[in-house]
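Got the viewer open? Load the model, keep the selection box handy, and follow along stop by stop.

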Amino acid sequence: SDQRGAFNGFTTAVSGVGKVVGPALIAPLAGLLGRYRVAEGPPIHRSRTAEALYARDEHESVEVCAKRMKDRGQFEAEIRARFTRDGRTLRRGAVIGVLRWHTPAGVSVTDAAGQCEEAQHTDADDEYPYVLVMARGQRSLHDACAKERIAGYDAATVRQAFRSIVSCVRELHVSGVVHAD
């Protein structure tokens, strides 16, 4: 049986005889999509209904975040949330843009701009059959606060971060979007 191990920060598959057989693409991103190499380590976020993973899009040679979701309704709501009520795209500074998405075969989802799912489909029986692929940020707000120890040390940086967050939330509210997190 295959085992998983670390290689250059990404997950690799190792055959039962101990031979590295190349980068592993974690299911369902593996054989079904054949496109994303998932970064080593635990998901960057996990909830009852979704998980987010850092990955590399091997087709476009870019770092991405793949958000795998259980529920189609929540998946479609995530896509709709990138648009105003009248179908205009929200400014990328206010929301993280979705680059593409993957659904099980036979499930079609089209956004307000006419973009639809990619040709590589997930498995409908997978725990997380809906996958949003987003641009990868340098770090999360949680990481910046927890690891860079700015709170209590750098008041100017804290104020700037707070102003940025308030500005984005204000833009969402003006556009008729309520941030649910």
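**A buried arginine to begin**

Select Arg-37 first: with a relative accessibility of 17%, Arg-37 counts as buried (buried is under 20% relative accessible area, exposed over 50%, partly exposed in between, using a 1.4 Å probe and protein chains only). Arg-37 sits in strand S4, residues 36–38. Strands here are DSSP E runs of at least two residues, helices are H or I runs of at least four, and both are numbered from the N terminus. Now add Asp-57 to the selection: 20 residues separate Arg-37 and Asp-57 along the chain, and their C-alpha atoms are 6.7 Å apart.

Some ground rules before moving on. You're looking at a predicted model, where local features need pLDDT of at least 70 and side-chain atom pairs count only at pLDDT 80 or more, while totals for chains, interfaces and linings use all residues. Numbering starts from 1 along each chain as its sequence is written, and side-chain values use heavy atoms, with hydrogens and water left out.

**Zoom out**

Switch to cartoon and colour by secondary structure. The protein chain has four helices and nine strands, arranged along the sequence as β-β-β-α-β-β-β-β-α-β-β-α-α. It has 181 residues, and 37% of them count as buried. Turn on the surface if you like: the accessible area is about 10900 Å², with 52% of that belonging to carbon and sulfur atoms (Shrake-Rupley method, 1.4 Å probe; for residues, only the protein chains shown count as cover). Among contacts with a separation of 6 or more, 48% are between residues 24 or more positions apart; a contact means heavy atoms within 4.5 Å.

**Strand S9 and its partners**

Next, select residues 130–135. This is S9, and because five of its six residues are buried, the strand is largely enclosed by the rest of the structure. Which strands pair with S9? One is S7 (residues 62–69), antiparallel to S9 over six bridges; pairing requires at least two DSSP bridges between two strands. Label Ala-66 and you'll find Val-133 of S9 opposite. Another partner is S8 (residues 98–102), which runs antiparallel to S9 and is joined to it by four bridges. Here the residue to label is Val-98, which stands opposite Met-134 in S9. S8 is mostly covered too, with four of its five residues buried.

**Into the core**

Show side chains for Met-69, Phe-75, Ile-79, Trp-101, Val-109 and Leu-132: of the 13 residues in the largest nonpolar core, these touch the most other members. (A nonpolar core is a set of buried Ala, Val, Leu, Ile, Met, Phe, Trp, Tyr and Cys residues joined through side-chain atoms within 4.5 Å.) At least two residues of this core come from each of S6 (50–57), S7, H2 (72–80), S8 and S9. S9 gives the largest share, three residues. Apart from this core lies another, of nine residues, including Leu-33, Ala-55, Val-64 and Val-133.

Centre on Met-69. Beyond its neighbours within four places in sequence, Met-69 contacts Thr-49, Ala-50, Gln-74, Phe-75, Glu-78, Tyr-128, Pro-129, Tyr-130 and Leu-132. Pick Glu-78 out of that list: it belongs to helix H2. Is Glu-78 buried or exposed? Its relative accessibility is 19%, so Glu-78 counts as buried. Leaving out residues up to four places away in sequence, Glu-78 touches Lys-67, Met-69 and Leu-132.

**Cysteines**

Select Cys-65, which counts as buried at 10% relative accessibility, then Cys-116, partly exposed at 37%. How many disulfides does a search of the whole structure find? Zero, a disulfide being a pair of cysteine sulfur atoms within 2.5 Å.

**Two backbone stops to finish**

Go to the loop between S6 and S7 and pick Ser-61. Its phi is near 55°, a positive value in a residue other than glycine, and at 47% relative accessibility Ser-61 counts as partly exposed.

Last, select residues 155–174, helix H4. Its 20 residues reach 28 Å from the first C-alpha to the last, close to the expected 28 Å at 1.5 Å a residue (the expected span is 1.5 Å times one less than the number of residues). Just after H4, Gly-176 takes a positive phi of about 85°.
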